[in-house]
Amino acid sequence: MLCVLVFSTAAGRAQTMRPDAEKKLAHDIYKEFVEIQSGYTTGATTPVAEAAAARLKAAGFPDSDIFVGGANPRKANLVVRYHGTGARKPILLLAHEDVVEAKREDWSTDPFQFIEKDGFYYGRGTGDDKAQAAVWIANLIQYRREGFRPDRDIIVALTADEEGGGPFNGVDWLLKNHRDWIDAEFALNEGGWGEEAGGKKISNDVQVSEKYVINFRFEVRNKGGHSSLPVADNAIYHLAGALERLSHFGFPLKTNEVTAAYFQKMAGIETGPVKEDLAEVAGGSQDAMRRVAAASPAWNATLRTTCVATMLEGGHALNALPQLAAATVNCRVLPEDSTEYVKSTLERLVADDQVAITVMGNPAPGPASPMRPDLLQAIRRVTDRIWPGVPTVPIMVMGATDGRYLRMAGIPTYGVQGFFMDRDDIRFHGRDERLGVQSFYEGQNFLFELVKTLSKPVN
Ligand SMILES: [Zn+2]
């Protein structure tokens, strides 16, 4: 039984948004968060955590259920627990407090002013990730106001430093220091979104797994010499040869549980000649995979591990043979491909013992989350009720989120937001970041209903 029907005041938008008072609360928290400068290098997340804590306390949450703290005094996280009956294990609702840096001179508006213009909310973090952070807090306050009694604890964690991979990552810190505060059966996070094209809603995407990153250094060292006496054994030529071979290489095309389900869904959505190929990809056809990969860089990246040269260095003088030539090769790796596999594949491809290939840093593969039928079913039902006919599509994303830490720690994590945006105009990390006003409130309603569906007593 689906019991909550909400009528918004805007004509024609019945049942898609929360009542005005709840919309206003979400709006005010959102504005407050966006106007706090929490850039991950120059800003602080502590004021975001404190602002959220103040809102929760004002709404009657006891101090004992609210935690503010973290790896560094400027990089605090907020964790709040809303108690349920304990019949089931808690769910964790995650969002990050920090944002990518934004410079006033790059933007049309002040990135740290929350501005409503032409049907959009502008400001750094309006999309990534302060909309979801604000909605989690506003909705939790509303559950308490209406006396909602979930059958499991609902935990909200707003965490530091998701962007940029710095040393103060809040999820990592919480897992290492206070795992019990955020331990959950599964988590909901950023990473999923609503795809819109030409003003039409295409799909509500749920992120179930993500690729992980390995950076390699290709390095050639040579004794060098005077450039007037060149020899064949040249560091730059060795490196250039290696990169030339890389440029023509593609890792094997394949699907996994998540991407096969994705292509199956896309076969039902897309029209035109590619439709049939998408269905065949889901069925495992290599020929179809080749055609689909060639049709779209995004589909190519979904079907294989990719590696690409991103930086170069080498030589030390106009008139000297190079003693060093090096490149950074950035790989986006399918969850099922190991670091060792990628490295040995590159070594075989390059086939030149002058080119040393080393792994930079400590790549951390994140397993995929299982495709939980109960969760996907709940998302499908709520999606279909709010946006009839819009399919729910499981996806693997190319970027990385904090969901990786949780998945590695054994907490399956799903990216789901229900904020719809134009798929050809994604401004995360870029200038004039924005989110549609209507998208924000519809997402608020979607997440309100979804969390309720996932935590209300089953009888
Ligand atoms: Zn983000």
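Colleague: Which residue lies over the face of Phe148?

Modeller: Happy to start there, and please keep in mind that this is a predicted model. The distance to the centre of the Phe148 ring is 5.1 Å. A charge counts as sitting over a ring if NZ of Lys or CZ of Arg is within 6 Å of the ring centre and within 35 degrees of the ring normal. The residue lying over this face is Lys452.

Colleague: And over which ring does the charged end of Arg18 sit?

Modeller: Here the charged end is 3.6 Å from the ring centre. The ring belongs to Phe448.

Colleague: Which residues coordinate the zinc ion?

Modeller: Look for donor atoms at 1.8 to 2.7 Å from the zinc ion. Along the sequence, the donor residues follow the spacing H-x31-D-x61-E. Glu190 appears twice in the list of donors, through OE, next to NE2 of one histidine and OD of one aspartate. The coordinating residues are His96, Asp128 and Glu190.

Colleague: Why is the arrangement around the zinc ion called irregular?

Modeller: Four donors count as tetrahedral if all angles lie between 85 and 135 degrees. Around this zinc ion, the arrangement is irregular because the 4 donor atoms subtend angles of 52 to 151°.

Colleague: Is His96 buried or exposed?

Modeller: His96 belongs to strand β3, residues 91-96. Buried means under 20% relative accessible area. The value for His96 is 2%, so this residue counts as buried.

Colleague: Which helix gives the most to the largest nonpolar core?

Modeller: That core has 90 residues, and Phe33, Leu78, Ile137, Leu188 and Phe440 have the most contacts inside it. The helix in question covers residues 130-145 and contributes 10 residues. Its name is α3.

Colleague: Which residues form one aromatic cluster with Phe440?

Modeller: Leaving aside neighbours within four places in sequence, Phe440 is in contact with several residues, including Ala26, His27 and Leu435. Tyr30, Tyr121 and Phe419 are also among its contacts. The cluster joins Phe440 with Tyr30, Phe114, Tyr121, Phe419 and Tyr441.

Colleague: How many aromatic pairs are there, and what kind of pair do Phe251 and Tyr341 form?

Modeller: The count comes to 21 aromatic pairs. For Phe251 and Tyr341, the ring centres are 6.2 Å apart. Phe251 lies in the loop between α6 and α7 and Tyr341 in helix α11, so the pair ties together parts 90 residues apart in sequence. Because the planes meet at 65°, the pair is edge-to-face.

Conventions. Residues are numbered from 1 along each chain as its sequence is written. This is a predicted model: local features need pLDDT of at least 70, side-chain atom pairs count only at pLDDT 80 or more; totals for chains, interfaces and linings use all residues. Side-chain values use heavy atoms; hydrogens and water are left out. A nonpolar core is a set of buried Ala, Val, Leu, Ile, Met, Phe, Trp, Tyr and Cys residues joined through side-chain atoms within 4.5 Å. Buried means under 20% relative accessible area, exposed over 50%, partly exposed in between (1.4 Å probe, protein chains only). Helices (H or I, at least four residues) and strands (E, at least two) are DSSP runs, numbered from the N terminus. Contact means heavy atoms within 4.5 Å. Donors are N, O and S atoms within 2.8 Å of the metal (3.2 Å for Na, K and Ca); water is not among the atoms, so sites may look incomplete. Four donors count as tetrahedral if all angles lie between 85 and 135 degrees; four count as square planar and six as octahedral if opposite donors are over 155 degrees apart and all others between 65 and 115; anything else is irregular. Rings of Phe, Tyr and Trp (its six-membered ring) pair if their centres lie within 6.5 Å; planes under 30 degrees apart count as stacked, over 60 as edge-to-face and the rest as tilted.
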